[in-house]
Amino acid sequence: MAQRLDPELELVLSKVIEPYTGLDIVTLGLVRYAKSGWGKLALEIGLLSDPYELQEELRHSVEQSIADSGSKDKVRVSMSPLDEDELELVGNHLREALTEDEMSNLEQRKPIFSVADSKTRVLGISSGKGGVGKSSTSVNLAVALAKLGKKVGVLDADVYGFSIPKMLGINQPPVVLGSFIVPPLANGVHCMSMGFFLTEDTPVVWRGPMLHKALEQFLVDVYWRNYDFILIDMPPGTGDVALSLGEMVPKSEMYVVTTPQPAAERVAQRSAYAAKKMKIPIRGIIENMSHFLTPSGETYEIFGKGGGEQLAAELDVPLLGKIPIEIALRDGGDIGIPISISDPTSESSRAFSEIAKKIVEIGPPRRYRSELKIR
Ligand code: ADP
């Protein structure tokens, strides 16, 4: 498939990043054909999927990179989807680009991001029960972290209702490249959902071992490379997924979403204790649906008051922020444009942005080292 390129052109095209994989189009072998002469440059670029949502974005980066090189050639870029054999080859290029440590992890069925010097932080977003806004929080927090310039992915592991792709505006299934599954991207955030692989009308009864296996596949087989943050939308309640996560990603951290009423806070507490038992440190609490602000400026505490503070005090962790009830936040989830994108100055967008900054600031948890234990 990919043609051997003129070294100068190769250098120029190697600056063009394919957005799903984060690798350049030369390394991936996407440049099928290049011909220049008589003031013209004709290029043919292979696409990772059909349709490929980011086609125009990719075309623009190719044209931009050529313009930046000072070339005055008239550029014509044609694009068409790769066939199955070509996709397999791209999968090989993905593997070849791995470091030795990443490769060794893969061979041991460990996530490629859990190498010793990894910069990837894995944040479990959990709640005691459904409906408190855990998925909305995961999506908006992910967008807020991406806006800080971080590479962010969300893994939708809430098996009781996969809602992340829709809330994030993902319109494209993941791309399978050789042995890797590459997450699609929307609103600056990559997303993988176990729901992509199920038909909507198939009810699935998830038992512990099945969940464990699914989580393993979604951590190991998905191309989570060079991410700063992977947020995991956990199923509500205590449980199996936290147990598996603690085992597979020893450095993961947990954030608990609760509503302000005391009964909800007690339920959230149970999920927090479960995480603690699995040795996943709880790093902070996020209170959602804290209050409702009317257009005339009155504040109503519809779901009561104090739950976030109380839970934070009980667990001795910070309350990272309070998200108000906003109709636009719900709307954003329904239409797939998160409020953090559609209305960045809204009260909830600002709250998410503050929480994201605090999470960056507190840094990764320290690894527990038994030899440092004081007796
Ligand atoms: P969970 O993941 O905890 O089940 P969701 O994030 O799916 O909860 O939220 C449940 C519903 O409540 C969704 O329709 C969502 O849009 C809405 N919602 C969540 N948080 C807010 C909020 N702060 N303001 C308005 N609507 C919200």
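**Close-ups of the ligand site and the two largest pockets**

**View 1. The ligand and its shell of 15 residues.** In this predicted model, the residues that come closest to the ligand are G131, K134, S135, S136 and P324. Sort the shell by class and you get 6 nonpolar, 6 polar and 3 charged residues.

**View 2. Polar contacts to the ligand from V132, S136 and N288.** Start with the ligand's oxygen atoms: a polar side-chain atom of S136 sits 2.6 Å from one oxygen atom, and a backbone N or O atom of V132 is 3.1 Å from an oxygen atom of the ligand. On the nitrogen side, an N or O atom in the side chain of N288 lies 2.9 Å from a nitrogen atom of the ligand. How much of the ligand does the protein bury? On its own the ligand would expose 560 Å², and 80% of that is buried by the protein.

**View 3. Helices and strands around the ligand.** Four elements each bring at least two residues to the shell: the helices α5 (134–147) and α11 (327–335), plus the strands β12 (282–293) and β14 (319–325). Which one gives the most? That's α5, with 3 residues.

**View 4. The largest pocket, home to the ligand.** This pocket holds about 440 Å³ of space. Its lining runs to 23 residues, and G131, G133, S136, M167 and M289 are the ones closest to the centre. By class, the lining splits into 8 nonpolar, 9 polar and 6 charged residues. The elements that each supply at least two lining residues are α5, α6 (164–168), β12, β14 and α11. Here α11 gives the most, with 4 residues, whereas in the shell around the ligand that role goes to α5.

**View 5. The second largest pocket, with about 340 Å³ of space.** A set of 19 residues lines this one, and P111, S114, M248, V249 and P250 lie nearest its centre. Two helices, α7 (208–220) and α8 (240–248), are the elements that give two or more residues to the lining. Of these, α7 gives the most, with 3 residues. What does the lining look like by class? Count 9 nonpolar, 4 polar and 6 charged residues.

Key: Residues numbered from 1 in each chain as written. Predicted model: local features only at pLDDT ≥ 70, side-chain atom pairs only at ≥ 80, totals over all residues. Heavy atoms only, no water. Near = heavy atom within 4 Å. Polar contact = N/O pair within 3.5 Å; in protein donor to acceptor, adjacent residues only side chain to side chain. Areas by Shrake-Rupley, 256 points an atom, 1.4 Å probe, with all protein chains shown as cover. 1 Å grid on protein atoms, 1.4 Å probe; cavity = no way out; pocket = protein on both sides within 12 Å on 5 of 7 lines; lining within 4 Å. Sits in = over half its atoms within 2 Å of the grid points. Nonpolar A, V, L, I, M, F, W, Y, C, P; charged D, E, K, R; others polar. Points joined across faces, edges and corners; volume = space filled by probe spheres on them.
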